[in-house]
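Me: I would like to go through the labels attached to this model one at a time, asking in each case what the label rests on.

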Amino acid sequence: MSIMWNYVNKREATINAIKDYYGMHFIIDTYHDELKATQTKMMGIASPHFNASPRSSTNDNQVEHRLVNGVMSTNKLNERYRAAKEYLDWFEPAWQELNADDRWVLSIFYLDSRTQTTAILAIQERFCIERTSAYNKKNRALDHLTLLLYGGH
């Protein structure tokens, strides 16, 4: 393992990875629709002009601009999709290795739109534990996921 891993805040990186989970799934789930919409927009035919007035010189390259913008948008979509797949290939196996309770705790704490206080209250209520124990449960689940994602040390 590279020496640089000793200087990475793996716990904070794990929290950020958890927070990206739904977003990465959204990118994967919407990729084909967005790509199709971009390609349709890129290949669309311009509306006919029925008047005899000349077109302005600013519209001369309209088709080329649409194609270039379409290619650039397609490249961005493809890169986002590739990055999301790479993330899920890395994150999903570790996430699935957690037990259901640990996944639930981390989801409540980091993925839901709850405040930390309401998340801790939900954890306390579900497991019938006190506040300190709820924080400890969250921290153990986070430490376990960090270990699965980044290994020891």
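**Helix H4 and its surroundings**

Reply: In this predicted model, the buried residues of H4 are Ala 119, Ile 120, Ala 122, Ile 123, Gln 124 and Phe 127. These buried residues pack against H3 and against helix H5 (131-150).

Me: How do you know that the reach of H4 is close to what is expected at 1.5 Å a residue?

Reply: H4 has twelve residues, and the expected span is 1.5 Å times one less than the number of residues, which comes to the 16 Å expected, while the helix reaches 16 Å from its first C-alpha to its last. Just after H4, Cys 128 takes a positive phi of about 55°.

Me: What makes Thr 14 count as buried or exposed?

Reply: Thr 14, which is found in helix H1 (residues 10-43), has a relative accessible area of 0%, and because buried means under 20%, Thr 14 is called buried. Leaving aside residues up to four places away in sequence, Thr 14 touches Leu 142, Leu 145, Thr 146, Leu 149 and Tyr 150.

Me: Why is the pair of Asp 101 and Arg 126 called a salt bridge?

Reply: The closest N and O atoms of Asp 101 and Arg 126 are 3.6 Å apart, and since the cut-off for a side-chain nitrogen of Arg and a carboxyl oxygen of Asp is within 4 Å, the pair forms a salt bridge. Asp 101 lies in helix H3 (residues 100-111) and Arg 126 in helix H4 (residues 116-127), so the pair ties together parts that are 25 residues apart in sequence.

Me: What makes Asp 101 and Arg 126 partly exposed?

Reply: Partly exposed lies between the cut-offs of under 20% for buried and over 50% for exposed; Asp 101 has 32% relative accessibility and Arg 126 has a relative accessible area of 42%, so each of them counts as partly exposed.

Me: How do you know that Glu 86 and Arg 82 form a salt bridge, and where do they lie?

Reply: Their closest N and O atoms are 2.5 Å apart, which satisfies the requirement of within 4 Å, and therefore Glu 86 and Arg 82 are said to form a salt bridge. Both lie in helix H2 (residues 62-97), four residues apart, about one turn of the helix. Arg 82, at 40% relative accessibility, counts as partly exposed.

Me: How many salt bridges does the structure hold?

Reply: The structure holds six salt bridges, and one of them joins the side chains of Arg 114 and Asp 112 at 3.3 Å, N to O. Elsewhere, salt bridges that share partners join Glu 79, Arg 82 and Glu 86 into one network.

How values were computed:
Residues are numbered from 1 along each chain as its sequence is written. This is a predicted model: local features need pLDDT of at least 70, side-chain atom pairs count only at pLDDT 80 or more; totals for chains, interfaces and linings use all residues. Side-chain values use heavy atoms; hydrogens and water are left out. Helices (H or I, at least four residues) and strands (E, at least two) are DSSP runs, numbered from the N terminus. Buried means under 20% relative accessible area, exposed over 50%, partly exposed in between (1.4 Å probe, protein chains only). Contact means heavy atoms within 4.5 Å.
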